[in-house]
Amino acid sequence: MKNLAQVIVLRSDLQFRGGKLIETVAKASRQFLIENNESSDPEKMNVCLTEDESLWLSGSQKTKILEVDNEDDLVILLNRAELQGFDAYPVFTKVDGEKIL
C-alpha cells in the first residue's frame, strides 16, 4: 500500500490568524478537485482522478502542513515538486485586498 499524503505549504510571512488560516488551508485542500473539474455545469462536478488521488480520497486522507518563509521560497518549492512529477495546485488568497500566492 502506498503512503500517500496531501502536502499544503503555507507562507509564514503572511502570518494568517484564526479563520483566515483555516479558510486558506481548506481551500488548498480541495483545490485539486476544483482545477480538475471537467463539468461546464456549475451545479455539478466531473473530476477525473489519478490513481493516487483516488487512493488518497478513499483512504487515510493524510495531510501535512508545511511552511516556507516567503513567496520566492514557495515558487522554488512548486517548481521542484513539478520537476519531480508531483501535481501542484497553487492557491491565491487576498490580503488587504491584494491577490497573492
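**Close-up views of a predicted model**

**View 1. Helix α1, end to end.** With 18 residues at 1.5 Å a residue, α1 should span 26 Å, and its end C-alpha atoms do sit 26 Å apart, so the expected and modelled spans agree. Keep in mind that this is a predicted model. The helix isn't free of bends, though: α1 has a kink of about 40°, centred on Ser 29. Thr 24, Gln 31 and Phe 32 are the buried residues to pick out in α1.

**View 2. Phe 32 on its helix.** Zoom in on α1 and you'll find Phe 32. Is Phe 32 buried or exposed? Its relative accessible area is 6%, and buried means under 20%, so Phe 32 counts as buried. For a sense of scale, take Val 7 as a partner: 25 residues separate Phe 32 and Val 7 in sequence, and their C-alpha atoms are 12 Å apart in space. Val 7 turns up again in the pocket view, as one of the residues closest to the pocket centre.

**View 3. The whole chain, for orientation.** Here's the backdrop for the other panels. Three helices and four strands make up the secondary structure of the protein chain. Reading from the N terminus, the order of elements is β-α-α-β-α-β-β. The C-alpha trace spans about 35 × 35 × 25 Å along its principal axes. Of the 101 residues in the chain, 20% are buried.

**View 4. The largest pocket.** Rolling a probe the size of a water molecule over the atoms shows where empty space is left. In this model, the largest pocket holds about 1100 Å³ of space. Its lining takes in 34 residues, and those closest to the centre are Gln 6, Val 7, Asp 87, Ala 88 and Tyr 89. Four elements give two or more residues to that lining: β1 (6-11), α1 (18-35), α2 (51-58) and α3 (71-83).

**View 5. What the pocket lining is made of.** Which element supplies the largest share of the lining? That's β1, with six residues. If you're thinking in terms of residue character, the lining splits into 22 nonpolar, seven polar and five charged residues.

**View 6. Helix α3 and its two ends.** α3 has 13 residues, and the distance from its first C-alpha to its last is 18 Å, close to the 18 Å expected at 1.5 Å a residue. Look at the start of α3, where a side-chain oxygen of Asn 70 comes to within 3.1 Å of the backbone nitrogen of Asp 72. After the helix comes Gly 85, with a positive phi near 90°. α3 is also one of the elements giving two or more residues to the lining of the largest pocket.

**View 7. Gln 15, a loop residue with positive phi.** Gln 15 sits in the loop between β1 and α1. It isn't a glycine, yet its phi is positive, at about 50°. How accessible is Gln 15, buried or exposed? Its relative accessibility is 55%, and the cut-off for exposed is over 50%, so Gln 15 counts as exposed.

**View 8. Gln 61, another loop residue with positive phi.** Where does Gln 61 sit? Look in the loop between α2 and β2 (63-68). Phi of Gln 61 is positive, near 55°, and this residue is not a glycine either. Gln 61 has 41% relative accessibility, so it counts as partly exposed.

Definitions and conventions: Residues numbered from 1 in each chain as written. Predicted model: local features only at pLDDT ≥ 70, side-chain atom pairs only at ≥ 80, totals over all residues. Heavy atoms only, no water. 1 Å grid on protein atoms, 1.4 Å probe; cavity = no way out; pocket = protein on both sides within 12 Å on 5 of 7 lines; lining within 4 Å. Points joined across faces, edges and corners; volume = space filled by probe spheres on them. Nonpolar A, V, L, I, M, F, W, Y, C, P; charged D, E, K, R; others polar. Expected span 1.5 Å × (residues − 1). Polar contact = N/O pair within 3.5 Å; in protein donor to acceptor, adjacent residues only side chain to side chain. Bend = angle between axes of the 7 residues up to and from the residue. Buried < 20%, exposed > 50% of the residue type's maximum accessible area, 1.4 Å probe, protein only.
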